[in-house]
Amino acid sequence: MTMADRVDAVLRAGEAPNLHALVVLQRGQVVLERYGEGVDHRLGTSLGRVRFDAGTLHDVRSISKSVVALLYGIALKDGLVPEPGAELVRQFPEYPDLLAEPARARLTIEHALTMTLGLAWDESVPYTSVANSELAMEAAADRYRYVLERPIVEEPGRRWSYCGGATALLGGLIARGTGRPLAEFARAALFEPLGIGAFEWTAGEDGVAMAAAGLRLRPRDLAAIGTLLLDGGRDIVPAAWLDEMLRPRVPIADDRWYGYQWYFETGGTYAAHGNGGQRLAVLPSRDMVVAMTAGDYDDFTRSSTTAVFDALL
């Protein structure tokens, strides 16, 4: 069976009921593309039933985090943001009380990039409750202070702990350093050079782009970002930054590692994931990029996109 045959068999069997889109590129060319229909959301807001096609924007949720890492590298190239080894809290001088705490002052930007801040943070609660730390951050009067003042529960750098607040801080540093809102910088520095014209970046009530989860892209454009990585950055993202970003640094579990806001999986694959089954996977050994969107929101069992991805392999 061909790759297309295997995927179509999964779809016919109903094993991927909430798949919204699939785009597979190999050697830079689209080799497989499928679109579906289903109920979609923009973060917590229902969009009703949507028939998807190549022009439909879709939440990519936490894939936004991996895009923020690319943007950080672009800004770093121009000296607009601090090096990863720089002290994190010192970049927010409006919080001198936090900087005065020796343990908190040891936090670095790299700890945010690798989600090893050692702060109390819990996103295991459903993303419909402010008991979830990311939702609580969005409800706070000051998102950056909310993150930075979380209780210290362990030595920074010791353990990976999923934290959308880490990405919010990175987005804030990019906006401050470039003097432009995150979405505007993304448009000029990354999306337009890639030929990506249509996108949205959902903002919080304070008008600040939700760096951890707010990005909306078309699946083909999501795949274009993956191809950029295979192509070594193409002078859009510095190759030296890609080498740093795409280096396994912190173990997670089950042979998975984390770099700078990117996951590393078996077979040399590096990937970005988002709630609902959003997935961008780059397989260098096969010169392949897989972009998928889906509607399995808040369902963390076997997803529609996992069933399709397994069929591709």
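# Briefing on a predicted structure: strands, core, enclosed spaces and backbone

In this predicted model, strand 3 (residues 37-42) and strand 4 (residues 45-51) run antiparallel and are joined by 6 bridges. Elsewhere, 8 strands form an open sheet with antiparallel pairing, and a further open sheet has 3 strands. The largest nonpolar core has 78 residues. The count of cavities of 30 Å³ or more comes to 2.

**The hairpin of strands 3 and 4**

- Across this pair of strands, Gly 38 stands opposite Val 50, a residue of strand 4.
- The hairpin has 2 residues between its strands, and Leu 43 takes a positive phi near 50 degrees there.

**The sheet of 8 strands**

- The order of the strands in this open sheet is 2-1-13-12-11-10-9-8, and their pairing is antiparallel.
- Strand 2 (29-35) and strand 8 (250-251) are the edge strands, each of which pairs on one side only.
- Strand 1 (residues 19-26) runs antiparallel to strand 13, and 7 bridges join the two.
- Within this pairing, Met 292 in strand 13 stands opposite Leu 22.

**The sheet of 3 strands**

- This open sheet has the order 5-7-6, again with antiparallel pairing.
- Its edge strands, strand 5 (58-59) and strand 6 (200-201), each pair on one side only.
- Strand 6 is joined by 2 bridges to strand 7 (residues 215-217), and the two run antiparallel.
- Trp 201 has Leu 215, in strand 7, as its bridge partner.

**Nonpolar cores**

- Inside the largest nonpolar core, the residues with the most contacts are Leu 71, Leu 88, Leu 190, Phe 191 and Met 245.
- Helix 2 (residues 63-77) gives the most to this core, contributing 10 residues.
- Leu 88 touches Leu 107, Thr 108, Ile 109, Ala 112, Leu 117, Leu 148, Leu 169 and Leu 173, when residues up to four places away in sequence are not counted.
- Another core, of 19 residues, lies apart from the largest one, and Val 7, Ala 271, Ala 281 and Val 290 are among its members.

**The second largest pocket**

- The space in the second largest pocket is about 170 Å³.
- Its lining consists of 15 residues, and Pro 181, Leu 182, Gly 207, Val 208 and Ala 209 lie nearest its centre.
- Helix 7 (143-148), helix 8 (164-178) and helix 9 (182-191) are the elements that give two or more residues to this lining.
- Helix 8 provides the largest share of the lining, 4 residues.
- By class, the lining residues of this pocket divide into 11 nonpolar, 3 polar and 1 charged.

**Cavities**

- The largest cavity has a volume of about 70 Å³.
- Its lining is made up of Met 115, Thr 116, Leu 117, Gly 118, Leu 119, Trp 121, Val 153, Glu 154, Arg 159, Ser 161 and Cys 163.
- The lining of the largest cavity has 6 nonpolar, 3 polar and 2 charged residues.
- The second largest cavity has a volume of about 40 Å³.
- Ser 62, Lys 65, Ser 66, Met 115, Tyr 162, Tyr 258, Gln 261, Tyr 263 and His 273 line the second largest cavity.
- The residues lining the second largest cavity comprise 4 nonpolar, 4 polar and 1 charged.
- Met 115 appears in the lining of the largest cavity and also in that of the second largest cavity.

**Positive phi in loops**

- Most residues other than glycine have a negative phi.
- Arg 234 is not a glycine, yet its phi is positive, at about 50 degrees.
- Arg 234 is placed in the loop between helix 10 (219-230) and helix 11 (239-245).
- Arg 234 counts as partly exposed because its relative accessibility is 40%, and partly exposed is the class between under 20% and over 50%.
- Asp 298, also a residue other than glycine, has a positive phi near 60 degrees.
- The loop that holds Asp 298 lies between strand 13 (288-294) and helix 12 (304-312).
- With a relative accessibility of 37%, Asp 298 therefore counts as partly exposed.

Conventions
Residues numbered from 1 in each chain as written. Predicted model: local features only at pLDDT ≥ 70, side-chain atom pairs only at ≥ 80, totals over all residues. Heavy atoms only, no water. Pairing = 2+ DSSP bridges. 1 Å grid on protein atoms, 1.4 Å probe; cavity = no way out; pocket = protein on both sides within 12 Å on 5 of 7 lines; lining within 4 Å. Points joined across faces, edges and corners; volume = space filled by probe spheres on them. Nonpolar A, V, L, I, M, F, W, Y, C, P; charged D, E, K, R; others polar. Core = buried A, V, L, I, M, F, W, Y, C linked by side-chain atoms within 4.5 Å. Buried < 20%, exposed > 50% of the residue type's maximum accessible area, 1.4 Å probe, protein only. Contact = heavy atoms within 4.5 Å.
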